[in-house]
Amino acid sequence: MMKLILSLVFSIGLFNFKFVKFSKSIIMFYFSSYMLIMLLYYSSNMWVGGYMFFFDYYSYMLVILSLWISGCMLMINMTKLMEFMILILMILLMLCFFSLNLLMFYLMFEVSLLPIFFLILYGGYSYERYESIMYMLMYTVVSSMPFLWLLLLLYVNYWSLMILLLIFLNLSLDGVMFFLCLLGFMVKLPMFLFHIWLPKAHVEAPVFGSMILAGVLLKLGSYGMLRMMQIFYLNIVSYSYIIITLGLVGGILMSLMCLIQVDMKMLVAYSSIVHMSLLVSGMVTMTKIGMVGGLMMMLAHGLCSSGLFYIVNINYECFGSRLIYLNKGSMSIYPSLGLFWFLMCSSNLSAPISLNLISEIFLLISLMSWSTSVILLLMIMCFLSAAYSLYLFSMSQHGESQVLQMKYKNVFVMDYFMLIMHWVPLNFMFLSLSMFML
């Protein structure tokens with residue numbers, strides 16, 4: 001029932017009161033692709049396109065998230081080039097999540113970098129965007145090269161790159177090759193030590209670039225990690241303690257980094273690294289509750305971080321700065337916007353009734369069942385996660401405004417509608433958690 005409600009809300013959202021600015025072809029393509037996925041999922045045939053594409057519940061939910069975030073982005077005023085890049089990126093993401101062949105997955109995984117490259121290049125704000133896109137391109141492309149070598153090795157040995165076949169073969173690699181295989185996905189997530197490119201890319205990207213980067217593109221890394229865990233199950237069991245230790249320690253260090261940020265966009269970018277660290281740590285326990293919690297976290301973080309980047313951009317347009325100290329006291333100027341600041345920040349710190357709460361509970365349970373020795377690290381991470389979310393809200397909304405002499409800009413109804421489109425599914429999926437238990 002919840003799936004049908006979300007489908008209806010999404011379809012109505014496409015035909016909002018600004019639909020006249022979209023061309024009919026874009027709306028029809030977008031709506032028909034969404035309805036096609038709904039039809040295929042509710043049919044008994046899960047295979048699409050012979051031996052090239054298929055989808056299970058994980059890929060299905062991530063494609064729905066991609067379509068939702070892309071639909072929200074198309075409501076923002078942008079040039080035709082940006083709209084075209086978003087549509088191309090949406091198609092590449094759908095092909096990536098639907099891929100049955102590992103080579104096809106790798107190809108779509110890499111090509112999806114090009115649209116976000118052009119989004120930052122032509123939509124960015126300052127000259128530092130050239131440095132940020134080179135960081136992003138070099139980190140992601142170079143780190144995923146060992147994965148291509150692994151594909152060649154698998155094809156030479158087994159004469160197939162079909163994901164479902166490789167899962168049933170119980171493959172195992174030596175330690176160095178296994179971590180080289182995961183390197184591209186760890187950079188894409190990103191995990192601690194491989195995260196340098198992400199804050200730079202977020203700061204220089206336009207608002208729609210940050211939304212798609214945090215909302216969907218980071219999920220490519222977690223989806224690739226999921227598939228590698230299924231294929232190399234024996235390696236994950238042997239080396240999970242390394243990944244979990246790196247994730248938990250890195251999450252704590254990144255939480256401390258959030259507490260010293262003065263740029264709101266940097267703070268939200270570093271908080272994404274914290275959430276992804278907890279996600280990977282819970283998933284590599286290879287328990288059912290860890291996998292389900294990981295899927296919930298993918299959806300919850302995609303909606304929450306995208307909404308936070310959008311509301312930070314609203315403040316940037318109103319105050320002319322992203323610095324927390326120059327945005328102090330904004331609740332006294334924009335009280336209705338302060339409500340959405342509270343809702344988004346409370347969701348980010350996993351307060352009831354957001355999906356973040358249930359996903360974190362599931363991931364914590366999976367890690368506690370893996371080993372009780374990590375309880376202290378989990379307690380510190382949960383405390384610091386709440387601390388930086390409260391820091392972001394209180395420092396930006398309360399206090400005396402520092403720039404009262406400025407001429408403030410209006411916040412439009414369209415901005416509130418965009419925030420509602422992020423907050424409502426994030427919190428109403430709480431009411432139908434059985435949809436994740438298939």
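**Two helix pairs in a mostly helical chain**

Hi everyone! The protein chain we have here has 20 helices and two strands. Please keep in mind that this is a predicted model.

Let's start with the whole chain. Of its 438 residues, 61% are buried. The accessible surface comes to about 16900 Å², and carbon and sulfur atoms account for 75% of that. Now, take the contacts between residues at least 6 apart in sequence: 82% of them join residues at least 24 apart.

Next, two pairs of helices. How do α12 and α15 pack? Helix α12 covers residues 207-231 and helix α15 covers residues 288-319; their axes lie 7 Å apart, at an angle of about 165 degrees. An angle over 145 degrees counts as roughly antiparallel, so that is what α12 and α15 are to each other. The crossing of α12 past α15 is right-handed. If you want to find the contact on screen, look for residues including Ala214, Gly215 and Leu218 on α12, and Gly302, Ser305 and Phe309 on α15. By type, the residues of this contact are ten nonpolar, eight polar and one charged.

Our second pair is α6, residues 113-123, and α7, residues 128-143. Their axes come within 9 Å and cross at roughly 170 degrees, which means α6 is roughly antiparallel to α7. Among the residues making this contact are Ile116, Phe117 and Ile120 of α6, together with Ile133, Met136 and Leu137 of α7. And what types of residue meet here? The contact of α6 with α7 divides into ten nonpolar, two polar and one charged.

Thanks for listening!

Definitions and conventions: Residues numbered from 1 in each chain as written. Predicted model: local features only at pLDDT ≥ 70, side-chain atom pairs only at ≥ 80, totals over all residues. Heavy atoms only, no water. Helix = DSSP H or I, 4+ residues; strand = E, 2+ residues; numbered from the N terminus. Buried < 20%, exposed > 50% of the residue type's maximum accessible area, 1.4 Å probe, protein only. Contact = heavy atoms within 4.5 Å. Areas by Shrake-Rupley, 256 points an atom, 1.4 Å probe, with all protein chains shown as cover. Axes fitted to C-alpha atoms, helices over the stretch in contact; angles between N-to-C directions. Parallel < 35°, antiparallel > 145°, perpendicular 65-115°, else oblique. Left-handed = near helix turned anticlockwise from the far one by under 90°. Nonpolar A, V, L, I, M, F, W, Y, C, P; charged D, E, K, R; others polar.
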